[in-house]
Amino acid sequence: GSVLRSGVAAAGKTTAKAGAGAQRAGTKPSTAGPRVQPGATLRVPLSVENPSDAPMRALSPRVRAVRRGSAEASDVIAPDTVRFTPGLFDVAPRDFEKLSVYVPVPADAPEGLYEVVLALGDQEPDLPMTFTVLPARPA
């Protein structure tokens with residue numbers, strides 16, 4: 001199987017920012033993973049690692065589900081609007097490839113914790129990616 005690693009914490013000038021450590025003592029965290037404003041496109045750089053001796057061929061990333069909390073949220077963020085670059089790729093043995101995920105967040109998206117469940121092909125395992133939609137800025 002492949003190993004998916006997020007590069008968000010190292011990403012400099014993207015719409016995603018690492019926010020998992022921003023927590024007040026004694027309070028429950030209300031954000032997780034990268035954060036994005038409503039109306040912006042979240043960009044999450046990932047690394048797909050192949051720890052095996054065999055090549056991983058024709059990986060084709062796709063969205064299996066979009067959730068907000070434990071509820072289905074494909075009515076808020078349509079799975080077919082999420083884009084991947086590259087859309088099809090191979091990973092050589094004991095190597096890795098970069099994969100960018102672009103999630104357009106509608107301007108009217110409710111704030112909160114979201115999860116996009118990705119897979120690198122039909123027979124590949126689920127790979128959850130969490131992010132937080134921040135409160136809308138006042139007009």
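In what order do the elements of the chain run from the N terminus on?

1. Overall make-up. This is a predicted model. From the N terminus on, the elements run β-β-β-β-β-β-β-β-β-β-β. The secondary structure comes to eleven strands and zero helices.

2. Burial and surface. The chain has 139 residues, and buried residues make up 36% of them. About 8,000 Å² of the chain is exposed, with 51% of that area supplied by carbon and sulfur atoms.

3. Contacts along the sequence. Among the contacts in the chain with a separation of 6 or more, 68% are between residues 24 or more positions apart. Two pairs of residues illustrate such separations. Val63 and Ala119 are 56 residues apart in sequence, and their C-alpha atoms are 6.4 Å apart in space. Leu113 and Ala32 are 81 residues apart in sequence, with 6.8 Å from C-alpha to C-alpha.

4. The nonpolar core. The largest nonpolar core holds 28 residues, of which Val48, Val101, Val103, Val105, Leu118, Met129 and Phe131 touch the most other members. Strands E3 (41–50), E4 (56–59), E5 (62–68), E8 (89–91), E9, E10 (112–119) and E11 (127–133) each supply at least two residues of this core. For Val103, the contacts beyond four places in sequence are Ala40, Thr41, Leu42, Ile77, Val82, Met129 and Phe131.

5. Aromatic pairing. The count of aromatic pairs comes to one. The pair is formed by Tyr114 and Phe131, and it is stacked, with 5.7 Å from centre to centre and 15° between the planes. Tyr114 belongs to strand E10 and Phe131 to strand E11, so the pair ties together parts that are 17 residues apart in sequence. Both Tyr114 and Phe131 are buried.

6. A charge over a ring. Arg83 lies over the face of Tyr102. The distance from Arg83 to the ring centre is 4.7 Å.

7. Ser100 in strand E9. Is Ser100 buried or exposed? Its relative accessibility is 13%, under the 20% limit, so Ser100 counts as buried. Ser100 sits in strand E9, which spans residues 95–104. Setting aside residues up to four places away in sequence, Ser100 touches Arg43, Val44, Pro45, Arg83, Phe84 and Thr85.

8. Asn50 in strand E3. Asn50 has its place in strand E3. With a relative accessible area of 1%, Asn50 is buried. The side chains of Asn50 and Ser52 are joined by a polar contact of 2.7 Å. Beyond four places in sequence, Asn50 is in contact with Pro55, Met56, Val91, Ala92, Pro93, Arg94 and Asp95.

9. Val63 in strand E5. Val63 is part of strand E5. Which residues are in contact with Val63, leaving aside its neighbours within four places in sequence? They are Pro79, Val82, Phe84, Val116, Val117 and Leu118.

10. Leu113 in strand E10. Leu113 is found in strand E10, and its relative accessible area of 37% makes it partly exposed. When residues up to four places away in sequence are not counted, Leu113 touches Ala32, Arg67, Arg68, Gly69, Thr130, Phe131 and Thr132. Ala32, already named in point 3, is thus listed here as a contact of Leu113. Phe131, from the aromatic pair, is listed here too.

11. A cis peptide bond. Thr85 and Pro86 are joined by a cis peptide bond, with omega at about 0°. Pro86 is located in the loop between strand E7 (83–85) and E8. Thr85 is also one of the residues that Ser100 touches.

12. Positive phi values. Ala58 is not a glycine, yet it has a positive phi of about 55°. Ala58 is placed in strand E4. Arg94, likewise a residue other than glycine, has a positive phi near 50°. Arg94 is found in the loop between E8 and E9. Its relative accessibility is 57%, over the 50% limit, so Arg94 counts as exposed. Arg94 is also among the contacts of the buried Asn50.

Conventions:
Residues numbered from 1 in each chain as written. Predicted model: local features only at pLDDT ≥ 70, side-chain atom pairs only at ≥ 80, totals over all residues. Heavy atoms only, no water. Helix = DSSP H or I, 4+ residues; strand = E, 2+ residues; numbered from the N terminus. Buried < 20%, exposed > 50% of the residue type's maximum accessible area, 1.4 Å probe, protein only. Contact = heavy atoms within 4.5 Å. Core = buried A, V, L, I, M, F, W, Y, C linked by side-chain atoms within 4.5 Å. Polar contact = N/O pair within 3.5 Å; in protein donor to acceptor, adjacent residues only side chain to side chain. Phe/Tyr/Trp six-rings, centres within 6.5 Å; stacked < 30°, edge-to-face > 60°. Lys NZ or Arg CZ within 6 Å of the ring centre and 35° of its normal. Areas by Shrake-Rupley, 256 points an atom, 1.4 Å probe, with all protein chains shown as cover.
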